[in-house]
Amino acid sequence: VKDLADAARLVSYATRPRLLPARDAHYHELCVRYRDDSSFALAVREVADGLGLELLDVSTLVGIIVGPHEDSNFAMRLSRDYAPSKSAEERMLHGLIHLALASFCFPRAADLHETDQVVRINARELDRYLRDLCQVIGHERDDVEPPVDLPELEPAYRAYARRAQVGATTDDRRKYTATVPMCERALEWLCEQGLARTGPVSEEDGQIYQVGSRYRTLVRDFAGHALFEEIRGLFDDGILQPQESR
Amino acid sequence: VTGTLFDLWPDDDPAAFEGFVDLPLRPALELDDAGRRRRSKTLATLAPLVLLEAHKGLRSLEEYDLQELALAAIELIAVGMTLEGGATTADVVQALKPALVAQHPEAGEEEHRRVASVVIETLIEAHKASYADYADKDYVRRRYEVTLVREIEGPDGIHLRASIEAINAIIGALDTDIESAQHAAEEALRYALEKGKLDAAVQAARQATLRSIQYGEQIRTLLSATRRNVAAVDWEETAPRVIADALDHLAARLETERTIIRSLAEQREEAGDENELDLAKIVTLQRLLETCIARHALLENKLLDAHKVFLDEQERQSFAPVGASYLYDVEQELLRPLLEASYGTVADLLERFFARAGGIRTPTLPRLSTLTPGLLRAPFERSELGAELVETEFAPEAELEHFPAPVWAAVDALLESVSDPTRLSELLTRARRNSEQEARLLRLRCLYAFGPELGRPDQAQSRPLLFADDDGTPLDDPVFAGADLLVFWAVRSAVPLADAVALETA
């Protein structure tokens, strides 16, 4: 029973993602115990599972990493927690930026595999990366405009490309609907969630963020994997059309 | 990722655009311009179609794209024309049918027929238009009548023929790829050179240079994507095409810019020494154009290296150790398919991705012990409007005194009894014999008489007015203080002031 209390305690550290084991002796001790004691490890796994969390990794370096199941009370929801009272298109763009953020940090399968590399990124760079990609797609495809009454048929890349990059500072509303501020928000969010750290502030690019292995693990073993399965399903159902492979 | 090309065209470096911005360019309008008159007429030719579409609500035909139907009808009529005959109305109605059915399938054949006739009737009608003409320095609106389709007598009934204007304007001039920036720049330049407007030619050159910068930007995009992930760029088709386009553009530009420079040199010789201003301008333009050429050439050289970047990156990335094969490629297998799909489809997927990758939410559980005080807490006052303004308090206004009619009558009688100038103090004493109220009214009447607004219309009559004047004597009264006015009746003279002065001196 003592084991269970400790296991639950270790899982509870997952809700304080910015805390590192190195800063908290008790946390560190629990992580070591997870590593060495297989029955304790099993108990931790079970507790997490019961709470609707998938245990992804526990290490003495970054602590416990969990991924919330979709129906879990711990899961973030874009429409409730991140971008409430935004239009459907804007919510989609926010989601897109998060995916692009993952893609910027780990574009290839090999990048997901590396474990010690820290990626430096800033909002402008992220926006530029996504825009460049949209432009490349635009060159390759010859899309027509969507019908007047069905704007949601517009390909996502066009919706992003036509958004303003930065808003005029005089218009506050526009400032938050332009893409660079939206990218900034995504990066700040990762920091709040302990998935990234703020790095130095560069004169040209503003705040630089450092994305490390915590986010990599979350994307590789949980979020990206699930999305990959979903996309495969959509391809199989013919909802998404595969492009000719290169 | 910073590519070499990006260094070439730093978009936030003001120096890169030096000389472009400061170029003295004052657009001057040439009033009498045959080209603009032609364009006005062309536009007038199109007006019936635009109006037909704009006013379709009046005919309750919102489901149809009448403008498009009219274009289709003209096309049909123009194609169906023979040397002396042409298509009949029935032919055109029949031919329009597929378009009508596609636009509004639920409507019956009868309605489709009606819509088709509305379109054809509009084309046959004569439309009045006008255009501006400044010939001989006078502005004249000239009448211009447009008929798009004419009916002619054929061997077997009435045939339709498209008018020359309709064919030229609608079939010829409208079929342009108006989104081609390249085409626009070329047109502008051709026009400018034709008109001998060198300023405008240089403006066009400037546009073309900006196009070069855009191409540079496109190539930079491709190369930077290649450096990140060589598989992200289609090096079989897309990239070579963009590079080829850019090279074509540059080749054409280098030639054009040289032509303008030659043309400028000729103008310079013609200008001679007497027109120094023009000469200075030409020299500036020449220098600017040489910069343009240098920029184009620079980009051209860099373009030729693009393939090498591809080969190097191909080598570097393809032969790098491949990661675990069960893993997916985030950019190619997750981001790209979603970017290309319609955003309605991907919104849900992205929401779920965010739910998984966005971190952990710490759910807040409401507890009765904190909820109750929370609900009872007074709402937070926002101070974003700044400090509250103190409202100025005014002293209560003194209530106006109302005098009853008998008091008025008494005061009137008292004042009317005045024949010679009388002191206010004496009148007050007399009024007080009746009441204090009468004294107050009397004081007001005399004050009014002290400053009667001369010149009011009702004073322009020759009836006596009450006047009061101050000769410096102070008033000695228990209630009121001030000057002891002299009160008297007088008639305003009709004699103007100047005459009055003249009379006095006489």
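## Exercises on chains A and B of a predicted model

In this predicted model, the side chains of R356(B) and E230(A) meet in a salt bridge, with N to O at 3.7 Å. The exercises below begin with the interface to which this pair belongs and then turn to salt bridges within chain B.

**Exercise 1.** Describe the extent of the interface between chain B and chain A, and identify the three residues of chain B that supply the most buried area.

*Solution.* Begin with the residues: 59 residues of chain B are in contact with 77 residues of chain A. Next take the area, bearing in mind that the size of an interface is often given as the accessible area lost when the parts come together. Here about 6400 Å² is buried between the two chains, and carbon and sulfur atoms give 64% of that area. Finally, look at single contributors on the side of chain B: Y343(B), F354(B) and R356(B) supply 14% of the area that chain B buries against chain A, more than any other three residues.

**Exercise 2.** Count the polar links between the chains, and work out which helix of chain B gives the most to the side that touches chain A.

*Solution.* The first step is to count the salt bridges between chain B and chain A, of which there are 4, whereas the search over all chains of the structure finds 33. The second step is to count residue pairs in polar contact between the two chains, which gives 16, with both residues at pLDDT 80 or more. The third step is to assign the touching side of chain B to helices: α8 (198-228), α9 (238-271), α11 (330-340) and α12 (343-357) of chain B each supply at least two residues, and α12(B) gives the most, with 14 residues. By residue class, the touching side of chain B divides into 30 nonpolar, 14 polar and 15 charged residues.

**Exercise 3.** Decide whether E340(B) and R336(B), which form a salt bridge, are buried or exposed, and place them in their helix.

*Solution.* Start with the distance: the closest N and O atoms of E340(B) and R336(B) are 2.8 Å apart. Both residues lie in helix α11 of chain B, 4 residues apart, which is about one turn of the helix. For the burial, the cut-off is a relative accessible area under 20%; E340(B) has 7% and is therefore buried, and R336(B), with 4%, is buried as well. The helix around them is mostly covered, since 10 of the 11 residues of α11(B) are buried, including V330(B), L334(B) and L338(B). The buried residues of α11(B) pack against α5 (88-105), α6 (109-113), α7 (123-140), α8 (156-162) and α11 (213-236) of chain A, together with α12 of chain B.

**Exercise 4.** Set out the sequence separation and the accessibility for the salt bridges R113(B)–E109(B) and R445(B)–D412(B).

*Solution.* In the R113(B)–E109(B) pair the N to O distance is 3.3 Å, and the residues stand 4 apart in helix α5 (residues 109-124) of chain B, so that about one helical turn separates them. R113(B) counts as partly exposed at 42% relative accessibility, and E109(B) also counts as partly exposed, at 45%. In the R445(B)–D412(B) pair the N to O distance is 2.6 Å. This pair links distant parts of the chain, with R445(B) in helix α16 (residues 436-450) and D412(B) in helix α14 (residues 405-416), 33 residues apart. At 24% relative accessibility R445(B) counts as partly exposed, and D412(B), at 30%, is partly exposed too.

Terms used: Residues numbered from 1 in each chain as written. Chains lettered and ligands numbered in written order. Predicted model: local features only at pLDDT ≥ 70, side-chain atom pairs only at ≥ 80, totals over all residues. Heavy atoms only, no water. Contact = heavy atoms within 4.5 Å. Buried area = accessible area lost by both parts, 1.4 Å probe. Polar contact = N/O pair within 3.5 Å; in protein donor to acceptor, adjacent residues only side chain to side chain. Nonpolar A, V, L, I, M, F, W, Y, C, P; charged D, E, K, R; others polar. Buried < 20%, exposed > 50% of the residue type's maximum accessible area, 1.4 Å probe, protein only.
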